[in-house]
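Biologist: Could you take me through one part of this model at close range? I would like to hear about the surface and the charged pairs, with the cut-offs behind each term.

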Amino acid sequence: MKSIIASEVHADTDSSVTIISPDSVAEAGMPLLQQISLNIITYCRHVMTGGDYSHRSRLVNILLEPTLTEQTQTSGFERMAAVSRPPAMGVLIHFLDGCCEGYLSAYDAHQRFRRKLLNMVELSGDELREYAEWLTTSEKMTAHQREELAGHRLKSLVEMKQQEMGSFFYIVETALYVLWCHLEFFLVHCLPKPDDQLGLDVASRTMRRLQNTDWMTGQRAQHATTSRFTEGVSRADLDQLKGEATLFFTDAFLKKLLDVERTRERKGFVDALTRRIKRLLKLQN
């Protein structure tokens, strides 16, 4: 079975986004909510980078507000006003936490089913009957037939959990990348509005360019934008983000991300992003 994760977006001339079809999801057994999450985070990365996945351009469009706390609106007016505002960076913190929990749960289940598949002779009659009944309700089966059906069911469960783990891991990698790009922009490149200009100047914001600008070159640099959502960022907003970052990017949270990656054959990307986040926080303090 071809992996769902192979449908990750690749930039081309049109920078089109590949959306996973419901049929491929159903075939691999991916939950619908997980499919939606994967498509959304893929689209966010596509918009954020302008479709460039070469890492020469880390960030073209800002999608999230510079706060790690999720806003709560109580009045109807506040809810209507919030429609025109982007979500907070804190949404990704909670999203990542939930995806890590989902991945580790799928990993435990995968290991459990795999052990049973490899040790079929140790399964009790009730266990064999339980797995065999997923494929047939017939009571007229020999012990050999029941064991064979149970084996097919366990193999299917192992493959399904493998696919689920793969999609969760892709989501974790991509969401962490989006989060890191925003954190780096707001803590390093973003120039806050002077207090006396907040709400008055509607001109586009500019980025402070570092000495090394190889990651934005040519035509892409001319069209780079931080979007209208950063027009009202103040020094107080950035100072608040610095304080929140030390509270939310705890050792326990970063360790959970690394625990997920340690179970994978392909390692390094999550570890590299967590180290960059730690370095960012250390420089800010």
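Modeller: Happy to! Let me begin at the surface, where L32, I36 and I40 make a nonpolar patch of about 290 Å². Patches here consist of residues with over 30% relative accessible area and no salt bridge, with nonpolar side chains (Val, Leu, Ile, Met, Phe, Trp, Tyr) joined within 5 Å and like charges within 9 Å. Areas come from the Shrake-Rupley method with a 1.4 Å probe, and for residues only the protein chains shown count as cover. I40 lies in helix α2, residues 32–49; helices are DSSP runs of H or I with at least four residues, strands are runs of E with at least two, and both are numbered from the N terminus.

A word on the basis: this is a predicted model, where local features need pLDDT of at least 70 and side-chain atom pairs count only at pLDDT 80 or more, while totals for chains, interfaces and linings use all residues. Residues are numbered from 1 along each chain as its sequence is written, and side-chain values use heavy atoms, leaving out hydrogens and water.

Now to helix α5 (residues 125–132), whose buried residues are L128, Y131 and A132. Seen down the axis of α5, these fall within an arc of 100°, so they line one face of the helix; the arc is taken from the directions from the helix axis to the C-beta atoms. The buried residues of α5 pack against α4 (90–118) and α6 (143–189), contact meaning heavy atoms within 4.5 Å. Buried stands for under 20% relative accessible area, exposed for over 50%, and partly exposed for anything in between (1.4 Å probe, protein chains only).

Helix α5 also holds a charged pair: D126 and R129 form a salt bridge with their closest N and O atoms 3.0 Å apart. The term asks for a side-chain nitrogen of Lys or Arg within 4 Å of a carboxyl oxygen of Asp or Glu. Because D126 and R129 are three residues apart in α5, about one helical turn separates them. D126 is exposed at 58% relative accessibility, and R129 is partly exposed at 32%.

In α4, E101 forms a salt bridge with K256, the closest N and O atoms being 2.7 Å apart. This pair links distant parts of the chain, since K256 sits in helix α9 (residues 251–262), 155 residues from E101. K256 is buried, at 19% relative accessible area, whereas E101 is partly exposed at 42%. D97 joins E101 and K256 in a network of salt bridges.
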